[in-house]
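Please read this report alongside the sequence and the coordinates. It goes from the overall fold to individual side chains.

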Amino acid sequence: TGYLTTSYRILGDSNELKRADGVGINVGGQYQVVDFASLGVSYDWRQSTDRSRTDPQWISPYVSIHATDRLSINPYWVYGLNSDSLQYGGGMTFSYRY
């Protein structure tokens with residue numbers, strides 16, 4: 001299953017920082033490998049808030065584990081693709097459906 005999302009970030013005015021609003025794009029896909037788990041990867045790009053810097057880009061592989069009919073556990077990793085992106089990171093989300 002593939003997906004594409006777009007966003008627009010509004011930062012507001014600041015006397016201390018010169019920042020710019022901007023757009024963002026996220027595109028990715030997910031494949032169910034077994035009944036209870038899927039593997040996926042997403043690519044993110046967004047306009048830099050500082051127009052003198054390059055636009056941040058990163059890729060995020062992830063796993064979606066359906067622990068129960070209502071609970072999903074989702075570990076993910078993040079790898080930056082340029083010098084103005086984060087280097088690497090990761091985390092975990094938990095989703096519960098009522």
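The sections below describe a predicted model, starting with its overall architecture.

## Fold and dimensions

The protein contains six strands and zero helices, so that, read from the N terminus, its elements follow the order β-β-β-β-β-β. Its C-alpha trace extends over about 50 × 30 × 20 Å along the principal axes. The radius of gyration is 16 Å, whereas a compact globule of 98 residues would have a value near 13 Å.

Of the 98 residues, 22% count as buried. The protein exposes about 7,200 Å², of which carbon and sulfur atoms supply 55%. Among contacts with a separation of 6 or more, 31% are between residues that lie 24 or more positions apart.

## A nonpolar patch at the surface

Six named side chains, Y31, V33, V34, F36, L39 and I65, make a nonpolar surface patch of about 570 Å². Strand β2, which covers residues 22-34, provides the largest share of this patch, with three residues. Y31 lies in strand β2, and it counts as exposed because its relative accessibility is 61%, which is over the 50% that the class requires.

## The salt bridge

The count of salt bridges comes to one, and the pair concerned is D84 with R53, whose closest N and O atoms are 2.4 Å apart. This pair links distant parts of the chain, the two residues being 31 residues apart. D84 sits in the loop between β5 (71-80) and β6 (88-96), while R53 sits in the loop between β3 (37-46) and β4 (57-66).

Is R53 buried, partly exposed or exposed? With a relative accessibility of 46%, R53 counts as partly exposed, because values from 20% to 50% fall between the buried and exposed classes.

## The aromatic pair

The count of aromatic pairs also comes to one. The rings of Y96 and Y98 have centres 5.3 Å apart and planes at 80 degrees, so the arrangement is classed as edge-to-face, the cut-off for that class being over 60 degrees.

The two tyrosines fall into separate accessibility classes: Y96 is partly exposed, with a relative accessible area of 47%, whereas Y98 is exposed, with a relative accessible area of 86%.

## Two residues and their surroundings

V41 has its place in strand β3 and counts as partly exposed, at 37% relative accessibility. Leaving aside residues up to four places away in sequence, V41 touches Y3, V27, G28, G29, I59, S60, P61 and Y62. For one of these, Y62, the C-alpha to C-alpha distance from V41 is 6.0 Å, although the two are 21 residues apart in sequence.

T49 is found in the loop between β3 and β4, and at 21% relative accessibility it counts as partly exposed, since buried would require a value under 20%. With the same exclusion of residues up to four places away in sequence, T49 touches R9, L11, K18, R19 and A20. Which distance separates T49 from Y88 in space, C-alpha to C-alpha? T49 and Y88 are 20 Å apart in space, and 39 residues apart in sequence.

Technical notes. Residues numbered from 1 in each chain as written. Predicted model: local features only at pLDDT ≥ 70, side-chain atom pairs only at ≥ 80, totals over all residues. Heavy atoms only, no water. Salt bridge = Lys/Arg side-chain N within 4 Å of Asp/Glu carboxyl O. Helix = DSSP H or I, 4+ residues; strand = E, 2+ residues; numbered from the N terminus. Buried < 20%, exposed > 50% of the residue type's maximum accessible area, 1.4 Å probe, protein only. Patch = residues over 30% accessible without salt bridge, like charges linked within 9 Å, V, L, I, M, F, W, Y side chains within 5 Å. Areas by Shrake-Rupley, 256 points an atom, 1.4 Å probe, with all protein chains shown as cover. Rg over C-alpha atoms; globule rule 2.2 N^0.38 Å. Contact = heavy atoms within 4.5 Å. Phe/Tyr/Trp six-rings, centres within 6.5 Å; stacked < 30°, edge-to-face > 60°.
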